[in-house]
Amino acid sequence: MSEPPTGGASDDRRRIRVRTALLLALALVVLVRLPTVMEVFRDDWIVLPSNDPYFYRYMVDQSLLNGVLPSLPDRALRGEPLLVATLAVAAWPFGPGTWGSGFVVAWYPVVAAVITAALVYGAATRLTDDARVGLAAAGLLAVTPAHAYRTALGVADHHAFDYVWLALTALAVIELLARSERDRRTWLATGGLALGVAAQALSWEASPLLLLPLAPGLALAALVEIRRPGPERLAPVTAGLVLGAALAHLVHLLLGWQFEAVIYALDLLALGSVGLLALVVAIRRLDGSWTRLAVAEAGLGAAAVVAVWRIPAIASELDSGLEFFGSTQAAELAGVGANYGAVGVLVILGFASVLAAPMLFFAAKWGWQRLEPGWFVVAIYTIHFGVLAGLQRRFGGELAPFAAILGGVGFVLLASWFDLVRPPVPRRADSGEAAATAVAADGSGEDELVVPDRTRVALLAGLAGVAVGSGSLYAALIDRRLVITDATYEAARWITGYVDDHDIPYPESYVLSKWGRNRVYNYFVNGEAESYGYAERTYEDFLFSNSNSAPDWYEEFTDRVGFVVTRDLPHLGLIPSSTIQSTLHSRFGSATISNIAGVGHFRAMFATDDGARKVFRVVPGATIRGRAPGETDRVRLEADVSIPGAEFEYVRRATVTDGRFEVRVAHPGTYRIGRDGTTVDVSERDVRTGGTVTLGD
């Protein structure tokens, strides 16, 4: 009698198919994040999109300046120390302020996105026992706009780093709640959970917001656990949280990383998990009633909230966080539906959110009826970040991995309704098909990853195209809004060259600009990109002041500002011609309108070819004084000025008193005074040092 086939070759083919499909999904992750590659790598510069990435690039440079090995500057020790340290170590072989360090910072978000997508695949596959769901989840994450633009090439802030630890934490918890054995895989997952929560706490000062869903998620998981016999599965989860809190606290004590309140928040989460485990064990020994456990959880939860509010350090951080949620200055602090309602939700959150929303019901049903608490964990994460994204769209990226997991189930379920594929494994189990459906030897449903007939392939491709195409398009459009425009790049490039040629030190080389691009200019011009606070406080007030106040602003800027960049403001409608904005940007500081004074302390230096950006240097200016030609109450002075990108007539007007006048001018050159042919020469030195030129009497 012959031996039955082992199926080894078939298993190998299934694994190859799944791995190939996963590689394609991860390739999609990379592809969607590269539409702006030409705008990032320009000439010999790496021009990161947006504004905040330059802070992290600056922190990396500062870390590499402090010695042979990376050493975090004081500013990086609180807030995001682990992110800065990781980037600094990766950039260390290249050195500070180099093309190489910029290369590391630019590519880090894409690498983080790939890792996150792989972890999402693992979490979805482990949760559902269906590789197709995992692949669909990875694909949906690849094209979710909120995640794609946050992890696009060069968008190097803390968010991409946070997504990795979020996904790792979720995968570890799902794995631990699904295992009854105590084997090597269990301890690896416990270690992964410890690493995930510790890294989360050390990566961002608002990390308690990202760790918070674990509390209600584990509370719901306990209600399932108490109804299930066998080893207590909450124990390794608790062990992972305790180890993670201990690790984060040790790093905090040894290296001084992170705010105390953030570390304490993780400590409290770990302590709460210990209390929850003890509560489950105690009630299990009494009567095992889940209702009694629910009542106890509610009481202890309320007491814990009150106690937390009474801890000064944490209460202060919570108050600050609530105030921050009330801020709406930046676009990212508005809700996902703030501008376009439901359409805005689709544009930011993508097709995954549409598929995930109805799956919340199934997640609750499967978690409770089938005693699979991992579903509750994913559902709680989804609801938590869904609420936060409704308040501030920047949390759409944190929502994306969990919406992708539920959306992956929804995608396969939707395809099955059209008879394109078999239902996902959780749905088949509900309908009694699980026993009739062979699954792969490792229980991952890889046998379902087969090529259907041509008609089904075409329809399935169309369905996938809807999910992938719209998200990719929206992500690309958002990326385009983040990139540094040609005008800004040209202005920054010119100022940098001028500063280098004239060896202008900081802060004389400080560039005042719109706060949302202030770090861009200053990183390239003088290497100082730690803060845009001064620009945020002064730039708009300066521009929309009356031009008569220009001398007062010069006093404010002395020894603080070297250059001012103006820009087109078509979206603001008609701007009064008397403002400094109109005087500088529209008239190069010239008094070409008779009843509006020009300026004598802001010298036009450069204009882009399209006139979208103009650069002015803050100068003492030269004073011209003397007897006015002829009998007049006002005298007009004019000089022809040529700068890179523009030629114009610079005009100043002065009041005549007792036949004499005095006026300050910002440009060197030959000035024509009045109409009788009188001229006077103003030198570069006069303008630069505040010299005085006197007309002979």
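Two strands count as paired if DSSP finds at least two bridges between them, and with that in mind I would like to begin at strand E4, keeping in view throughout that what we have here is a predicted model.

Strand E4 covers residues 563-567, and it pairs with strand E6, residues 613-618, in the antiparallel sense over 5 bridges. If you look along that pairing, you will find Val565 of E4 standing opposite Val615 in E6. E4 also has a partner in strand E3, residues 511-512, and here 2 bridges join strands that run parallel, with Val511 standing opposite Phe563 in E4. For those of you who are new to this, strands of a sheet pair through backbone hydrogen bonds, either parallel or antiparallel.

Now, is E4 buried or exposed? Of its 5 residues, 5 are buried, so the strand is largely enclosed by the rest of the structure. Phe563, Val565 and Arg567 point one way from E4, while Val564 and Thr566 point the other way, and all are buried.

Let me move on to another part of the chain, where 4 strands form an open sheet in the order E9-E8-E11-E12, with antiparallel pairing. Which strands lie at the edges? They are E9, residues 646-655, and E12, residues 678-682, each of which pairs on one side only. From one strand to the next, the twist averages 25°. Within this sheet, strand E8, residues 634-643, is joined to strand E11, residues 669-673, by 2 bridges, and the two run antiparallel; there, Glu638 stands opposite Arg672 in E11.

Finally, I would like to turn to a pair of helices, H18, residues 374-391, and H19, residues 396-417, which pack at an angle of about 135° with their axes 8 Å apart. Why do we call them oblique? Angles over 145 degrees would count as roughly antiparallel and those from 65 to 115 as roughly perpendicular, so an angle that falls in neither range, nor under 35 degrees, is called oblique, and H18 and H19 are therefore oblique to each other. Their crossing is left-handed.

On the H18 side, the contact is made by Trp375, Val378, Tyr381, Thr382, Phe385, Gly386 and Ala389, and on the H19 side the residues include Leu399, Phe402, Leu406 and Val409, with Glu398 also among them. Taken together, the residues of this contact divide into 11 nonpolar, 3 polar and 1 charged.

Terms used: Residues numbered from 1 in each chain as written. Predicted model: local features only at pLDDT ≥ 70, side-chain atom pairs only at ≥ 80, totals over all residues. Heavy atoms only, no water. Axes fitted to C-alpha atoms, helices over the stretch in contact; angles between N-to-C directions. Left-handed = near helix turned anticlockwise from the far one by under 90°. Contact = heavy atoms within 4.5 Å. Nonpolar A, V, L, I, M, F, W, Y, C, P; charged D, E, K, R; others polar. Buried < 20%, exposed > 50% of the residue type's maximum accessible area, 1.4 Å probe, protein only.
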